[in-house]
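Visitor: I have a model open and would like a quick walk through it. Can we start with a term I will need?

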Amino acid sequence: MTNILNDCLAKSQALEIRQDKKLRPCCVFSGRGVDSLLDFQGYTDNEVQSACSKCISNETNGLSSRRDFYQNVLIDQDYGFFYDLQMSSLCNLQCRFCNPNYSTRLVPTYEFLKKHTDMEEEYTNVTSKWNPDLEKYLVEEINQKTKTSRVILSVKGGEPTIQPEFPVFLDKLQHKENIRLKIITNLQELPEYLKTAVGHFHKTEIGVSLEGVEETYEYQRELAKWDKFKNHVDELTYLKKHCDNLDVVFKPTISNHVIGDLDRLLGFLKSYDNQGWVRLKSGGLNTMVHWPNHLNPLHLPLLLKTDLLKIIPNEFSTIKSAIEKNPVNLKYWNHFIKHTRLLDEYYGTDFFNTPTGKIFQSYM
Ligand code: SF4
């Protein structure tokens, strides 16, 4: 058995912290977390085989893996370390593909779902505050490392822009000129401190989550407002024009609830190509929700897949060929129907009023 972790830069030059406050090499590593970087050495071959299965499967299928990503950013772009932080689950939205580990807002929703399904508890690490000891450790380590080398600091949520600890943490970083800051945001908020801070870092990348436009957007991202989002996109576009070290990039993740409306999503993304936003290539467009399984478009009924394949734009070619290749899974499909109906009942929404729901209707 090959131990892929031994041949991965994440083992020694990356650190992921998620809700359980344990350390792991990267965000797709699905194994046990450890207490110290040195403990990364102690994963057995079997543990690695299972924890790194996403990289193994992507590479086997000819897709780009997280391991490739580290090779690109650490070696080719000359950064010494990659911090990937999820310090709190505090969020302002309750998106349909998300769970309470990433949005505190989803706790009541999951309690409702648990009462009405046989869903086992899928969240155990909801945190609405940053851990002060961990924050202190990170500030000291980053300040030390950035005296002599450049690092990448990625902060995800929850939603970092509404977490009160985030601006305080940024203030404590002493060598911002050696930090490439990356944040992922739903962009329902665009605080003043962030607009000011971007100029102080070596580079800043603001990744904006977006899976559809208008009614698809508001359906997928329960509690979000399309107009507010669009205004902030335009504000970021303006900021980008006046700030050379800022990159702005859309981060779509395609799920069953949006898969029938990709043409309009593509039109929206393309309209920003010439306004300073990073032009999305195949890898950026072809990301799918893999978990929960019932929201992954690969398992849909055959006739529905056939209909969808006719209307999904060719720019999503990797998703199209994966849909074509993968077998139907009726268990996931039935779960999707039940989950969608229950959430519609709970939120007072109607999937069948969305462009994708109109296509799915005759199959549900
Ligand atoms: S999951 Fe991939 S990127 Fe993460 S440690 Fe394993 S091989 Fe490296």
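Guide: Helices here are DSSP runs of H or I with at least four residues, strands are runs of E with at least two, and both are numbered from the N terminus. The model is a predicted one.

Visitor: Fine. What does D78 do just after α4?

Guide: D78 takes a positive phi of about 60°.

Visitor: And α4 itself, which of its residues are buried?

Guide: R66, R67, Y70 and L74 are buried in α4. They sit on the same side of α4, because they cover an arc of only 100° around the axis.

Visitor: Which residues are exposed on the other side of α4?

Guide: N72 and D76 are exposed there.

Visitor: What do the buried residues of α4 pack against?

Guide: Two helices and two strands are named: α1 (10-13) and α3, then β1 (14-17) and β3 (81-86).

Visitor: Switching to the ligand. Which residues come nearest?

Guide: Of the 15 residues around the ligand, the nearest are C8, C26, C52, C55 and R66. Two elements, α3 (53-60) and α4 (66-76), give two or more residues each to that shell.

Visitor: Which one gives the most?

Guide: That is α4, with three residues in the shell around the ligand.

Visitor: How does the shell divide by residue type?

Guide: Eleven of the shell residues are nonpolar, one is polar and three are charged.

Visitor: Now the domains. Where are the bounds?

Guide: Domain 1 covers 1-60 and domain 2 covers 79-363. Their C-alpha centres lie 23 Å apart.

Visitor: How many residues does the contact take from each domain?

Guide: Eleven residues come from domain 1 and 13 residues from domain 2. On the domain 1 side, β1 gives the most, with four residues.

Visitor: What is the make-up of that side of domain 1?

Guide: The side of domain 1 that touches domain 2 has five nonpolar, two polar and four charged residues.

Visitor: Last topic, T306. Which helix is it in?

Guide: T306 lies in α13, residues 302-311.

Visitor: Does T306 count as buried or exposed, and why?

Guide: T306 counts as exposed, because it has 12 C-beta neighbours inside 10 Å, and the cut-off for exposed is 12 or fewer.

Visitor: What separates T306 and E324 in space?

Guide: Their C-alpha atoms are separated by 8.3 Å, while T306 and E324 are 18 residues apart along the chain.

How values were computed. Residues are numbered from 1 along each chain as its sequence is written. This is a predicted model: local features need pLDDT of at least 70, side-chain atom pairs count only at pLDDT 80 or more; totals for chains, interfaces and linings use all residues. A residue is near a molecule or strand if its C-beta atom, placed from the backbone, lies within 6 Å of it. Ala, Val, Leu, Ile, Met, Phe, Trp, Tyr, Cys and Pro count as nonpolar, Asp, Glu, Lys and Arg as charged, and the others, Gly among them, as polar. A residue is buried if 20 or more other C-beta atoms lie within 10 Å of its own, exposed if 12 or fewer, and partly exposed in between; C-beta atoms are placed from the backbone. The arc is that of the directions from the helix axis to the C-beta atoms. Two residues are in contact if their C-beta atoms, placed from the backbone, lie within 7 Å. Domain bounds come from an automatic or database domain assignment.
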